[in-house]
Amino acid sequence: RFKHLKRLCCVHGRYSVARNSLTVMFSFYKNLIVALINFYFSFFTGASGLTYVDGWLLSFFNFAFTSIPPLLLGMFDKDVADQALMADAKLFPDLAKGLYFDPMTIAKWFGEGFLHSILLYFVAYPTQLRGDIQGYRVMDFTMHGTIVMSAMVILVLVKLCLHIRCWQAAQVGGMAYSFFQYPLFLVLYAAIPSLFGVTAFHHVAYMVMGDVKFWLYIGLFVVGLLFPIDVAAIFVQRQMFPTIHDRAQSRYELLE
């Protein structure tokens, strides 16, 4: 009658805690970035209430653009192979002490969100200040906000990829869907002449995506932020300061 109790507690119970902790931390991280970017912008507009990012893009950031991957991570990810969990009782005490949800982990995620928000906004600020695109067109706040929002969506999704330890078909599909959905939304939204009387975004995506600065900023933020900072930190930690969970993961293959 109780033959599955050990697996229920040792494997599924532990996975639930690890998955939920990472999903919650990632949710705080991505919302901190989008909130701080709009906070920085308010200082340059005299707190006038001027919108930096188009309202529909801002509304869909959590609802559609970055919702599926963390949801699937919270359902399918595995930080350590289940064979290791069934065989090694030493993997449990650290989790009970808040391995993935302790003050240090929370501070790390909040610190990364704060750092990324500063770099996202102020690295692109010179383009906003000059207001130029393609060398001759005038760039307004909606166009510049679209560039920063696009870089932010790609950055957030790529960062989540770095923290997924066990890629499964559902996660691959969800991530591919999110990466494809955002540019498709931009193209379709920009094709609408007027949406509930608002015409500010009409053709904006076409002008922005047709400028080399749009693609350079995305490449700069993804490669320039994640690889020197996040990838290096993860590599150094796992190679030089591996936890018992890192060592267990290296000994077992994730089969699913």
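## Overall layout

The chain's secondary structure adds up to twelve helices and two strands. Reading from the N terminus, the order of elements is α-α-α-α-α-α-α-β-β-α-α-α-α-α. Keep in mind that this is a predicted model.

As for dimensions, a box of roughly 70 × 35 × 30 Å along the principal axes holds the C-alpha atoms of the chain. Of the 256 residues, 44% are buried.

## The largest pocket

If you're hunting for a cavity-like feature to look at, start with the largest pocket, which encloses about 710 Å³ of space. Its lining takes in 27 residues, and those nearest the centre are Tyr100, Lys108, His163, Arg165 and Gln237.

Which helices supply at least two residues each to that lining? They are α1 (5–43), α6 (103–123), α8 (141–163), α11 (212–240) and α12 (244–251). By residue class, the lining of this pocket splits into twelve charged, ten nonpolar and five polar residues.

## A salt-bridge network

Searching the whole structure turns up two salt bridges. One pairs Lys108 with Glu112, with the closest N and O atoms 3.2 Å apart. Both of these residues sit in helix α6, four residues apart, or about one turn of the helix. Lys108 is also one of the residues nearest the centre of the largest pocket. Why does Lys108 count as partly exposed? Because its relative accessibility is 39%, and the partly exposed class runs between 20% and 50%. Glu112, by contrast, is buried, since its relative accessible area is 13%, under the 20% cut-off.

The other bridge links Lys159 to Glu112, and here the closest N and O atoms are 2.7 Å apart. Lys159 belongs to helix α8 and Glu112 to helix α6, so this pair ties together parts that are 47 residues apart in sequence. Is Lys159 buried or exposed? With a relative accessibility of 0%, Lys159 counts as buried. Shared partners put Lys108, Glu112 and Lys159 into one network of salt bridges.

## A nonpolar patch on the surface

Val24, Phe28, Phe101 and Phe110 make up a nonpolar patch on the surface, and together they have about 340 Å² of accessible area. Within that group, Phe28 is located in helix α1. Phe28 is partly exposed because its relative accessible area comes to 43%, above the 20% limit for buried residues but not over the 50% needed for exposed ones.

## Loop residues worth a look

The loop between α9 (169–190) and α10 (204–209) contains His203. What is the phi of His203? The angle is near 70°, a positive value in a residue other than glycine. His203 is partly exposed, given its relative accessible area of 40%.

Ala200 is found in the loop between α9 and α10 too, and is partly exposed with a relative accessible area of 43%. The C-alpha atoms of Ala200 and Asp54 are separated by 8.5 Å, while their positions lie 146 residues apart along the chain as a sequence separation.

Over in the loop between α2 (55–65) and α3 (68–76) you'll find Thr66. Thr66 counts as buried because its relative accessibility is 1%. Thr66 and Trp215 are 149 residues apart in sequence, and their C-alpha atoms are 20 Å apart in space.

Technical notes
Residues numbered from 1 in each chain as written. Predicted model: local features only at pLDDT ≥ 70, side-chain atom pairs only at ≥ 80, totals over all residues. Heavy atoms only, no water. 1 Å grid on protein atoms, 1.4 Å probe; cavity = no way out; pocket = protein on both sides within 12 Å on 5 of 7 lines; lining within 4 Å. Points joined across faces, edges and corners; volume = space filled by probe spheres on them. Nonpolar A, V, L, I, M, F, W, Y, C, P; charged D, E, K, R; others polar. Patch = residues over 30% accessible without salt bridge, like charges linked within 9 Å, V, L, I, M, F, W, Y side chains within 5 Å. Areas by Shrake-Rupley, 256 points an atom, 1.4 Å probe, with all protein chains shown as cover. Salt bridge = Lys/Arg side-chain N within 4 Å of Asp/Glu carboxyl O. Buried < 20%, exposed > 50% of the residue type's maximum accessible area, 1.4 Å probe, protein only.
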